[in-house]
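I opened this entry to look up charged side-chain pairs and strand pairing. My notes follow in the order in which I checked things.

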Amino acid sequence: MNQILELADLGVTPLWAPPHALRRDVTGVTTADMENPSTYLSPGEIVLTGLVWWQPNRRGTARAFVSAVRAAGAVALIAGEGVHGTIPDELVDACRNHELPLFSVPQSTTFRTILERVYVRLWSTIRESDAPALPSIVRDELLDGISSETDIDAVLKTAVERLELPELTLVSPVGRVIASSTPPTTGRLQGTLVPVASSRESPFDGWWLRTSETVDTHHWPVLNELAALLSTKLAQHRERLAVCGTAAAALLAELETKDTSAISEIVQACGLPADAPLTPIVVRTPGAPATWAVDAANELLAACGVQFAVCLGGTAESVGIVAAPPDQLASLLSEHLPPLQRLVDVTLAVGVGPSAPPSDLASALRGARYLADAAERRSGAAPRICTDSALTSLSTLLEGLPAPVSHAFQMHTIGPVIKYDTAKGSHLLLTLATFLENGASWTRTAAALHMHVNTVHYRIERAEALTGRRVSDPDDRNDLCTALILHQQSTARNRQTQQAG
């Protein structure tokens, strides 16, 4: 009963409410405006009355009403001032005599408002164990918002106001704000997280309901039921992604046929502009289930705030078609990929192809796949994103070369040197690499390796004999430089794999 005093903002004013009478437990709220409502009351209820039954010229009506209400087990009476303009002294005296707390409420406050507030305040304790966690009046209002075109922000705001919860934010697995009851603040809030749906296809899938501050355990049933209501919106979101994904898959199939007559219509079905350049991206999640790559791309591109459609592109690979320039997209991806990477142990790799008109996307997609190969083979902990603008050297160009091709080229060029070093314990490969790095200068190579120039000559001549290539020949020197770069890249990848293992 003490919580009734917290309704002062609604104009609810105690007329007789001693502390000892406010310790009673409440089981519900009801309205009554007949002279003897006892038949319709249950023990522990608060009674709201508009005093329609009270007549000034009939003494004893207030005493009889209060006696009946108290005998039925009511714990308080809230009387409205709308009919008579004030609460009669006779009613105050009767409540005092029967020790029934009495409160007044102004005409400007509706009984519905009081009913909602009281039920919300007391619902977690008065509801039966198998009853819904949300009062039906609040649940219905939230469902109306969810089933309509109302923004989720407005639904969350309603939930905060009606359920007296901390501020609420709907977030993705990486904390991307989807909706909020209040303008989101900078920084990560350390509140309570409740999953909107129990089933998740991958670590990148799903929504979470987050409170602005940690809540007590009695709020959990309310938050869980609110999250269950919002799962309808999540299902609609997933359906929209699936529709766009089906259109994107149709677009890839159409590009394979080289028939561009239907391209424009399919691009529009993807939710993308058909009259502007588009940028393909390829996202890889090596070793992960097939759906992970699609979910990762959907979350990554949603965080970038661009128009996109994503579909499965191959084993642990997804393809995204994006309405954004490659350089701008690469910058956004570099910002949003690290939080995504922290969710999983598998290494995410992203290739960003050049932009192209919809009808020319096939070649741009081939470029994106090559760049994804390059990103996947990169070593180090930096975000693995590769764009065509990053192909500024022979080294970056070679990063996308398939591993079997790279290995075959190395074996046919410097393979004999590697085998000789392994068998003899010599350092011909190191000498050759240093020699080429120093512009084929004998003296600089000798200084770098701290050896005599004659020793450098001997080792280079031995390497030439083993490889069948002359360092003085420009073409042969290019072959050797290419093979050495590929060898360095594969060695770095093998070292990283061993460290990870």
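I looked up Glu 161 first and found it partly exposed, at 46% relative accessibility. In this predicted model, its side chain meets that of Arg 162 in a salt bridge, 3.8 Å from N to O. Arg 162 also has a salt bridge with Glu 141, at 3.0 Å. That pair joins distant parts of the chain, with Glu 141 in helix H4 (residues 136–147) and Arg 162 in helix H5 (residues 152–163), 21 residues apart. I noted 27% relative accessibility for Glu 141, hence partly exposed, and 27% for Arg 162, also partly exposed.

I counted salt bridges in the structure: there are 13. One of them links Glu 317 and Arg 369, with the closest N and O atoms 3.0 Å apart. Glu 317 lies in strand E12 and Arg 369 in helix H10 (residues 361–377), 52 residues apart. Is Glu 317 buried or exposed? I found it at 6%, under the 20% cut-off, so Glu 317 counts as buried. Arg 369, at 26%, is partly exposed. Both belong to a salt-bridge network that also includes Arg 284, Asp 373 and Glu 376.

I then followed E12 (residues 317–322) to strand E11 (residues 308–314), its antiparallel partner over 6 bridges. Leu 312 stands opposite Ser 318. The hairpin has 2 residues between the strands, and Ala 316 has a positive phi near 55°.

Last, I checked an open sheet of 5 strands, with mixed pairing and the order E1-E5-E4-E3-E2. E1 (13–16) and E2 (28–31) are at the edges with a single partner each, so one side of each has no neighbour in the sheet. Within the sheet, E4 (residues 76–80) and E5 (residues 102–105) run parallel, joined by 4 bridges.

Terms used. Residues are numbered from 1 along each chain as its sequence is written. This is a predicted model: local features need pLDDT of at least 70, side-chain atom pairs count only at pLDDT 80 or more; totals for chains, interfaces and linings use all residues. Side-chain values use heavy atoms; hydrogens and water are left out. Two strands pair if DSSP finds at least two bridges between them. A salt bridge is a side-chain nitrogen of Lys or Arg within 4 Å of a carboxyl oxygen of Asp or Glu. Buried means under 20% relative accessible area, exposed over 50%, partly exposed in between (1.4 Å probe, protein chains only).
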